[in-house]
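Student: Please take a close look at a single part of this model, and set it against the whole chain as you go.

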Amino acid sequence: MDRNKKLRKTTSCGACVHRLHKGKPQVLLIRPYEHRDRWGIPKGHVDSGETFEQTALREVKEETGLDVVLGTKLQVVSTIFKDEDKDVHSYLATVVGDDTPNPHDPDGEVYDIKWFDIDSLPEMHVYQRPLLLAVVEALKEIYD
């Protein structure tokens, strides 16, 4: 990236959706790119007039097909990607109803989506690793 290029400040919101499956806590993660084996939480940019919570609910629904209830707000993580200096606001979330992913992703930003046991997470986007480590600790307490 050209160091002189002006970065635009953006905000994304999403959720770390979790469940208890066969006695084990799991999180739902998405893989946005076929050519990169990095996973992350479902999230996306805030639309005009939306609250962070509304954005998180919309993005989770679009990218996973699931209806969720938001819980605890998680730490804000930041990244620089392409021309963006982005802050990501996220929440713990639980599924309402069926927990089978069925994306309705209008932007084509989801290549794969899976539930993972919290003790066997895949390779994560670097900037989301601290977030997921905190989530794992929180889920151990919730499901202990």
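Tutor: Contact here means heavy atoms within 4.5 Å. This is a predicted model in which local features need pLDDT of at least 70, side-chain atom pairs count only at pLDDT 80 or more, and totals for chains, interfaces and linings use all residues. Residues are numbered from 1 along each chain as its sequence is written, and side-chain values use heavy atoms, without hydrogens or water.

Among contacts between residues at least 6 apart in sequence, 70% join residues at least 24 apart. The protein has 2 helices and 7 strands (DSSP runs of H or I, at least four residues, and of E, at least two, numbered from the N terminus), arranged along the sequence as β-β-β-α-β-β-β-β-α. Its C-alpha trace spans about 50 × 30 × 30 Å along the principal axes, and 44% of its 144 residues are buried (under 20% relative accessible area, 1.4 Å probe, protein chains only).

The part to look at closely is helix α1, which covers residues 52–64 and so comes to 13 residues. From its first C-alpha to its last, α1 reaches 18 Å, close to the 18 Å expected at 1.5 Å a residue (times one less than the number of residues). The buried residues of α1 are Thr-55, Ala-56, Arg-58, Glu-59, Val-60, Glu-62, Glu-63 and Thr-64, a list that includes charged side chains, Arg-58 and Glu-59 among them. These buried residues pack against β1 (8–21), β2 (24–31) and β3 (43–45), which come before the helix in sequence, and also against β4 (68–73), β6 (84–95) and β7 (112–117), which come after it. Just past α1 comes Gly-65, whose phi is positive, near 80°.

Technical notes. Buried means under 20% relative accessible area, exposed over 50%, partly exposed in between (1.4 Å probe, protein chains only).
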